[in-house]
Amino acid sequence: MSSNIAQNYPYSSESEAARAATVVGILSGNTSLASTVKAESIGLPDEERWWVWKCPTRACPGLLHAAGMAVNAHAVYTLCDTCSRTYLR
Ligand SMILES: [Zn+2]
């Protein structure tokens with residue numbers, strides 16, 4: 001892959017229930033990541049569905065799930081379900 005432009009566009013979407021369960025699953029085994037997310041994001045607004053993005057980490061096949069709103073930016077704070085990195089979308 002030589003371009004990551006397309007990766008900034010949503011890949012799919014998921015229900016609020018699926019999103020919440022996925023984020024809890026990612027954070028439950030990673031307390032340092034959970035505290036980072038808590039420090040850097042605030043709660044999401046009430047929505048029924050959320051976008052899912054392709055993870056931009058090289059060679060990572062994961063997807064990014066909304067975990068909150070970024071404290072310092074008007075962006076969605078996302079978590080990869082595979083490499084557990086955080087990205088703003
Ligand atoms: Zn990833």
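1. Of the 89 residues in the protein chain, 19% are buried. A buried residue here has 20 or more other C-beta atoms within 10 Å of its own, an exposed one has 12 or fewer, and partly exposed is anything in between, with C-beta atoms placed from the backbone. Bear in mind that this is a predicted model: local features need pLDDT of at least 70, side-chain atom pairs count only at pLDDT 80 or more, and totals for chains, interfaces and linings use all residues. Numbering starts from 1 along each chain as its sequence is written.

2. On overall shape, the radius of gyration is 12 Å, which agrees with the value near 12 Å for a compact globule of 89 residues. That radius is taken over C-alpha atoms, and the globule rule is 2.2 Å times the number of residues to the power 0.38. Along the principal axes, the C-alpha trace spans about 35 × 25 × 25 Å. Among contacts with a separation of 6 or more, 57% come from residues 24 or more positions apart; a contact means C-beta atoms, placed from the backbone, within 7 Å.

3. The chain has two helices and six strands, in the order β-α-α-β-β-β-β-β from the N terminus. These are DSSP runs numbered from the N terminus, with helices being H or I of at least four residues and strands being E of at least two.

4. Now the strand pairing, where a pair needs at least two bridges found by DSSP. S1 (residues 12-15) and S3 (residues 49-54) are antiparallel, with four bridges. S3 also pairs with S4 (residues 63-70), antiparallel again, through three bridges. Val 52 is a handy residue to look at: Ser 12 is its bridge partner on one side, and His 65 in S4 stands opposite Val 52 as well.

5. Carrying on from His 65, the bridge partner in S5 is Leu 79. S4 and S5 are antiparallel over five bridges and make a hairpin with five residues in between. S5 then pairs with S6 in the antiparallel sense over three bridges, with Thr 78 opposite Tyr 87.

6. How covered is S5? Mostly: five of its five residues are buried. Val 76, Thr 78 and Cys 80 point one way, Tyr 77 and Leu 79 point the other way, and all are buried. In a regular strand, side chains alternate between the two faces of the sheet.

7. The largest nonpolar core has 13 residues, and the members touching the most others are Val 23, Leu 64, Ala 66, Ala 67, Leu 79 and Cys 80. Two or more residues each come from H1 (16-28), S3, S4 and S5 (76-80), and S5 gives the most, with four. A nonpolar core is a set of buried Ala, Val, Leu, Ile, Met, Phe, Trp, Tyr and Cys residues joined through C-beta atoms within 7 Å. Leaving aside neighbours within four places in sequence, Cys 80 is in contact with Cys 55, Thr 57, Cys 60, Gly 62, Leu 64 and Arg 85.

8. H1 looks regular in length: its 13 residues reach 18 Å from first C-alpha to last, close to the 18 Å expected at 1.5 Å a residue, where the expected span is 1.5 Å times one less than the number of residues. Its buried residues are Arg 19, Val 23 and Ile 26. They sit on the same side of H1 because they cover an arc of only 60° around the axis, the arc being that of the directions from the helix axis to the C-beta atoms. S1, S3, S4 and S5 are among what covers them. The face turned away from that buried side carries the exposed Ala 17, Val 24, Gly 25 and Ser 28.

9. Two non-glycine residues with positive phi are worth checking. Ala 59, with phi near 70°, is in the loop between S3 and S4 and counts as exposed because it has 7 C-beta neighbours inside 10 Å. Ser 84 has phi near 65° and lies in the loop between S5 and S6 (86-88); with 17 other C-beta atoms within 10 Å, Ser 84 is partly exposed.

10. Which residue lies in the loop between H1 and H2 (31-40)? Asn 30 does, and with 13 C-beta neighbours inside 10 Å Asn 30 counts as partly exposed. The C-alpha atoms of Asn 30 and Ser 84 are separated by 8.9 Å, although the two are 54 residues apart along the chain.

Methods:
Two residues are in contact if their C-beta atoms, placed from the backbone, lie within 7 Å.
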